Amino acid sequence: MTYLPFENGHLNHFTNGNGNHSNHKQVDDLNDRPKVLIWGLRKSGKTSILKVIFEKMPPGKTFQLPETQVVQIHDLSCGHHVRFQVRDPPGANHTTLYPIEFDKYSSECNALIFVIDAHDEYIEVLELLINTMRHMYDRNRQIRFEVFLHKVDGLQENVKMDIRRDLQQRLTDILIEYSMENALINFYLTSIYDHSIHEAFSKVIQNQMRQLRALENMLQMICTSTQLDKIFLCDVNNKIVLATDNKPVEPQIYELCCDLIDVYVDIANIYGSNNNNPVLDSMSFCTIELSIGVVLYLKDINEVLALICLVRKESAIKEGLIEHNLQCLKNTVEKLFVHDRLVQMDDLNIHNVE
Ligand SMILES: Nc1nc2c(ncn2[C@@H]2O[C@H](COP(=O)(O)OP(=O)(O)OP(=O)(O)O)[C@@H](O)[C@H]2O)c(=O)[nH]1
């Protein structure tokens with residue numbers, strides 16, 4: 001990641017340093033990247049979230065993070081081709097918003113991640129959230145508001161749900177009052193101590209991707225024709241899911257997907273031929289049969305992007321067919337990203353289960 005101070009009130013742009021890339025030296029206009037502002041009260045957990053996802057910092061080590069003093073700009077990528085910028089300014093000291101200061105880092109942002117510490121008095125934080133939303137919505141009606149109700153580890157399931165429901169209800173009422181009922185807003189319960197933070201961040205990235213609909217349609221087609229239970233397109237470095245099929249994602253299934261990545265990456269790191277090589281190559285394919293009667297598959301798309309599939313064992317699908325169809329999908333996904341062209345569904349050329 002790259003840490004940048006302001007210069008003359010402007011943001012400097014920089015190339016990334018998250019280690020996710022890049023042999024792919026494509027010309028990339030940094031100004032075209034979606035820009036995401038991560039914001040909230042001080043110590044709500046903003047920097048920890050970025051460190052855990054994109055620098056693989058163990059959650060326990062985030063205790064030592066210093067207070068953010070100057071805005072940090074992170075030019076990041078997932079799967080080489082999905083690029084975006086995250087701005088992490090010093091958190092707010094109180095619930096008043098100072099527009100002149102705030103505009104320095106919020107200008108041109110396409111999304112706001114607002115982090116609320118679930119242990120804070122969230123009724124007070126709501127005031128900062130509303131002030132921020134009103135300010136940003138006035139400048140951009142298409143902006144996406146992504147609210148992370150954070151640090152929910154240790155809270156009982158019913159308490160989490162109650163807080164979320166209450167917050168959502170209060171916010172909806174206030175937004176109606178300000179004629180902002182059409183604002184695009186999502187809520188997530190998150191913690192750096194489990195996969196909920198990767199899952200929530202995946203949604204934020206997906207909401208900024210032009211290719212999302214095409215990818216989802218392709219994954220759904222593969223799911224149906226190969227009788228897969230679930231399929232994810234995932235960056236193995238940060239566990240960001242770029243797309244999945246149409247079925248809702250259950251947290252347990254997402255965890256299985258992350259666990260498979262962990263196992264694969266660990267084995268590749270320990271026994272791989274060369275530690276400098278990326279963990280995935282054009283031959284990467286891995287199958288694990290679980291005791292619960294589910295088979296997990298992993299197949300590479302490129303050095304950092306993989307397809308993760310789940311299929312019930314009793315479906316008795318031939319591995320050859322799965323491999324063939326995943327290979328077709330791999331070629332088509334590359335076309336979609338690399339050539340950035342609209343992919344026809346015929347391009348997929350998949351075989352159906354008979
Ligand atoms: N229990 C728990 N603690 C968390 C979580 N995320 C962050 N923290 C802790 O929250 C504290 C503050 O985290 P930071 O990431 O420094 O917060 P920040 O919002 O970036 O703070 P500023 O830089 O001051 O704006 C640290 O002690 C973290 O360990 C979480 O999911 N659960």
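**View A. The turn between strand 2 and strand 3, with Gly79 in it.** In this predicted model, strand 2 and strand 3 form a hairpin with 3 residues between the strands. Look for Gly79 here: its phi is positive, near 55°.

**View B. Strand 2 (residues 72-78) running alongside strand 3.** Follow the hairpin away from its turn and you see an antiparallel pair, joined by 7 bridges. For a handy landmark, find His74, which sits opposite Val86 of strand 3.

**View C. Strand 1 (residues 35-40) paired with strand 3.** This pairing is parallel, and 3 bridges hold the count. One residue to pick out is Lys35, whose bridge partner in strand 3 is Gln85.

**View D. Strand 3 (residues 82-88), with both of its faces buried.** Val82, Phe84, Val86 and Asp88 point one way, while Arg83, Gln85 and Arg87 point the other way. Since 7 of the 7 residues in this strand are buried, the rest of the structure largely encloses it.

**View E. Where domain 1 (30-206) touches domain 2 (212-348).** Here 14 residues of domain 1 make contact with 16 residues of domain 2. On the domain 1 side, helix 1 (46-54) and helix 5 (196-206) each put in at least two residues. Helix 5 gives the most, with 6 residues. Sorted by class, that side of domain 1 has 6 nonpolar, 7 polar and 1 charged residues. Going by C-alpha atoms, the centres of the two domains are 29 Å apart.

Terms used. Residues are numbered from 1 along each chain as its sequence is written. This is a predicted model: local features need pLDDT of at least 70, side-chain atom pairs count only at pLDDT 80 or more; totals for chains, interfaces and linings use all residues. Domain bounds come from an automatic or database domain assignment. Two residues are in contact if their C-beta atoms, placed from the backbone, lie within 7 Å. Helices (H or I, at least four residues) and strands (E, at least two) are DSSP runs, numbered from the N terminus. Ala, Val, Leu, Ile, Met, Phe, Trp, Tyr, Cys and Pro count as nonpolar, Asp, Glu, Lys and Arg as charged, and the others, Gly among them, as polar. A residue is buried if 20 or more other C-beta atoms lie within 10 Å of its own, exposed if 12 or fewer, and partly exposed in between; C-beta atoms are placed from the backbone. Two strands pair if DSSP finds at least two bridges between them.
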